[in-house]
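Colleague: I'm new to this one, so could you walk me through it?
Modeller: Sure, have a look and ask away.

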Amino acid sequence: MTVDTSGPGPSDDPAERAEDRARGRAEDRVQGRAEDRARGRVQGRAEDRVQGRAEDRAQDQAQDRESGTGAGLSERDRDVLAVERRGWPGPGAKERAIRERLGISPTRYYQLLNALLDDPRALEHDPVTVNRLRRIRDERRERR
């Protein structure tokens, strides 16, 4: 019995097989992302997230101009307070927002936030948030 090997079929060349596997994995990833977006699990592309951050910053800056505050704080400090001002459904969403919006680790974020709570410029910029966080911090210290 003879086998016809002249037609298309799996190659014996390892490089071609690896290429085929890589192409299949890439196609699977693209298909998976499209399905996730269709199901609403993925926010969108990176440009969408960057646009959202820019809009958030613009809104915060407009708020600063209206209230006449924020002159002494850096943009990063104002962004830290803006993240803390929002309500979060859980710690995972907040940590993800910290990494994406601020580009720092959650540990560094909390270090900056704690320093801001003692800064009079932060109190002037956002008294409601700063006083709320100071009260929470003091209550935790008293429990220790």
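Colleague: How much of the accessible surface of the protein chain belongs to carbon and sulfur atoms?
Modeller: Keep in mind that this is a predicted model. The accessible surface of the chain comes to about 10600 Å². Of that, the share of carbon and sulfur atoms is 47%.

Colleague: What angle do helix H3 and helix H7 make where they pack?
Modeller: H3 covers residues 75-85 and H7 covers residues 127-143. Their axes lie 10 Å apart. Angles from 65 to 115 degrees count as roughly perpendicular, and H3 is indeed roughly perpendicular to H7. The angle is about 70°.

Colleague: Which residue of H3 pairs with Lys 94 in a salt bridge?
Modeller: Lys 94 sits in helix H4, and its partner in H3 is 10 residues away. Both residues of the pair are buried. The N to O distance is 2.9 Å, and the partner is Glu 84.

Colleague: Is Asp 126 buried or exposed?
Modeller: Asp 126 lies in the loop between helix H6 and H7, and its side chain meets that of Arg 85 in a salt bridge. Buried means under 20% relative accessible area. Asp 126 has 9% relative accessibility, so it counts as buried.

Colleague: What is the relative accessible area of Arg 121?
Modeller: The side chain of Arg 121 forms a salt bridge with Asp 119, at 2.8 Å from N to O. Asp 119 counts as buried, at 13% relative accessibility. Arg 121 is partly exposed, and its relative accessible area is 42%.

Key: Residues numbered from 1 in each chain as written. Predicted model: local features only at pLDDT ≥ 70, side-chain atom pairs only at ≥ 80, totals over all residues. Heavy atoms only, no water. Areas by Shrake-Rupley, 256 points an atom, 1.4 Å probe, with all protein chains shown as cover. Axes fitted to C-alpha atoms, helices over the stretch in contact; angles between N-to-C directions. Helix = DSSP H or I, 4+ residues; strand = E, 2+ residues; numbered from the N terminus. Parallel < 35°, antiparallel > 145°, perpendicular 65-115°, else oblique. Salt bridge = Lys/Arg side-chain N within 4 Å of Asp/Glu carboxyl O. Buried < 20%, exposed > 50% of the residue type's maximum accessible area, 1.4 Å probe, protein only.
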